[in-house]
Amino acid sequence: MKVLDKGFVEIVDVMGSDLSVVNSARVSFGKKAEKIRPRDERLINYLWEHNHSSPFRHATLQFHIKAPIFVLRQWMKHQVGCAWNEISGRYVEFDYEFYTPTNFRVQSKDNKQGSEGAVDLTTEQMAQEIYWDSCDSSMQAYSALLNMGVCKEQARMVLPLNLYSECYWTASLQAVMHFLKLREDSHAQWEIQEYARAVREVSQEHFPISLRL
């Protein structure tokens with residue numbers, strides 16, 4: 001699923017289903033279901049609402065993600081039940097591929113880490129010019145360092161956080177649900193909210209009950 005201007009979220013692999021959650025819980029009583037019934041849906045709801053989270057760890061999802069580095073750095077704070085592997089600037093040369101915001105936002109007066117609406121048109125035009133001058137300058141510096149023979153692992157240090165990167169994310173269903181709870185929230189940065197919505201959309205068909213919560 002396409003996200004932002006150049007990013008995406010793609011399901012690579014899935015292990016388990018809502019039934020895995022049910023059977024992981026019911027094994028406590030020596031029980032096993034062959035298909036989901038209404039009472040199993042109620043059980044899944046009960047487990048999540050009452051923080052009985054271990055059954056949700058018996059299902060996993062693997063994603064291929066392309067996102068700006070500043071989004072990934074927020075995302076990678078989610079470590080419990082997760083595995084991460086990201087493209088390395090020590091091995092590859094990065095392309096001129098930066099995130100283009102649709103508009104620049106005003107700093108929130110109530111939330112020190114948040115924003116609240118667009119800047120005025122004059123500021124927008126000036127901000128876009130400064131933004132892209134900075135992107136051009138950083139990429140020119142990066143290319144110049146490489147051409148001088150500077151190693152990739154050091155040349156990459158001049159590149160900005162809006163550069164696109166790619167990674168694989170493997171996570172338990174519990175970890176995915178926790179990520180969605182935090183990053184779909186209105187207090188999360190808009191860009192990562194967009195990725196959270198994409199994660200839910202591409203995962204929903206595999207876990208239609210759990211991801212309805």
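This is a guided tour of one protein chain, stop by stop, for use with the structure open in a viewer.

**Start: the whole chain**

Keep in mind that the model is predicted. Show the full chain as a cartoon. The chain has 213 residues, and 41% of them count as buried. Its C-alpha atoms fill a box of roughly 65 × 45 × 25 Å along the principal axes.

Now colour by secondary structure. You should find 7 helices and 7 strands. Trace the chain from the N terminus: the order is β-β-α-α-β-α-β-β-β-α-α-β-α-α.

**Stop 1: a positive phi at Leu4**

Select Leu4. It sits in the loop between β1 (2-3) and β2 (7-15). Check the backbone: phi of Leu4 is near 55°, a positive value in a residue that is not glycine. Most residues other than glycine have a negative phi. Is Leu4 buried or exposed? Leu4 counts as buried, because its relative accessibility is 18% and the cut-off for buried is under 20%.

**Stop 2: Arg26 and Asp40**

Move along to helix α1 (residues 18-26) and helix α2 (residues 38-49). Select Arg26 in α1 and Asp40 in α2. The two form a salt bridge, with the closest N and O atoms 3.0 Å apart. The partners are 14 residues apart, and the pair links distant parts of the chain.

Check the burial of each partner. Arg26 is buried, at 18% relative accessible area. Asp40 is buried too, at 0%.

Add Arg37 to the selection. Arg26, Arg37 and Asp40 are linked in a network of salt bridges. In general, side chains of opposite charge can pair when their charged atoms come close.

**Stop 3: Glu41 and Arg212**

Next, pick Glu41 and Arg212. Their side chains meet in a salt bridge, 3.1 Å from N to O. Which parts of the chain does this pair tie together? Glu41 lies in helix α2 and Arg212 in the segment after α7 (190-203), so the pair joins parts that are 171 residues apart in sequence. Glu41 counts as partly exposed, at 28% relative accessibility.

**Stop 4: Asn51**

Go on to Asn51, in the loop between α2 and β3 (60-68). Here is another backbone to check: Asn51 has a positive phi of about 60°, although it is not a glycine. Asn51 is exposed, with a relative accessible area of 67%.

**Stop 5: a nonpolar surface patch**

Turn on the surface. Select Ile87, Tyr91 and Val92. These three form a nonpolar patch, with about 300 Å² of accessible area together. Val92 is in the loop between β4 (82-86) and β5. At 30% relative accessibility, Val92 counts as partly exposed.

**Stop 6: Arg105 and Glu191**

Hide the surface and select Arg105 with Glu191. This is another salt bridge, and its closest N and O atoms are 3.0 Å apart. Arg105 is in strand β5 and Glu191 in helix α7, 86 residues apart, so to speak of distant parts of the chain being linked is fair. The partners differ in class: Arg105 counts as partly exposed, at 30% relative accessibility, whereas Glu191 is buried, at 3%.

To see the full set, display every salt bridge in the chain. The count comes to 11.

**Stop 7: the largest pocket**

Now show the pockets and pick the largest. About 450 Å³ of space lies in it. Which residues are closest to its centre? Of the 20 lining residues, they are Gln113, Gly114, His187, Ala188 and Gln189.

Colour the lining by element. β5 (105-107), β6 (115-118) and α6 (173-183) each supply at least two residues. β6 gives the most, with 3 residues.

Then colour the lining by class. It has 3 nonpolar, 11 polar and 6 charged residues.

**Last stop: Ala155**

Finish in helix α5 (residues 152-155), where you will find Ala155. At 0% relative accessibility, Ala155 counts as buried. Draw a distance from Ala155 to Ala118, C-alpha to C-alpha. The two are 34 Å apart in space and 37 residues apart in sequence.

Technical notes:
Residues are numbered from 1 along each chain as its sequence is written. This is a predicted model: local features need pLDDT of at least 70, side-chain atom pairs count only at pLDDT 80 or more; totals for chains, interfaces and linings use all residues. Side-chain values use heavy atoms; hydrogens and water are left out. On a 1 Å grid over the protein atoms alone, a cavity is a set of points where a 1.4 Å probe fits but cannot get out, and a pocket is an open set with protein on both sides within 12 Å along at least five of seven lines; lining residues have an atom within 4 Å of a point. Grid points are joined across faces, edges and corners, and a volume is the space filled by probe spheres set on the points. Helices (H or I, at least four residues) and strands (E, at least two) are DSSP runs, numbered from the N terminus. Ala, Val, Leu, Ile, Met, Phe, Trp, Tyr, Cys and Pro count as nonpolar, Asp, Glu, Lys and Arg as charged, and the others, Gly among them, as polar. Patches are made of residues with over 30% relative accessible area and no salt bridge: like charges are joined within 9 Å, nonpolar side chains (Val, Leu, Ile, Met, Phe, Trp, Tyr) within 5 Å. Accessible areas come from the Shrake-Rupley method with a 1.4 Å probe; for residues, only the protein chains shown count as cover. A salt bridge is a side-chain nitrogen of Lys or Arg within 4 Å of a carboxyl oxygen of Asp or Glu. Buried means under 20% relative accessible area, exposed over 50%, partly exposed in between (1.4 Å probe, protein chains only).
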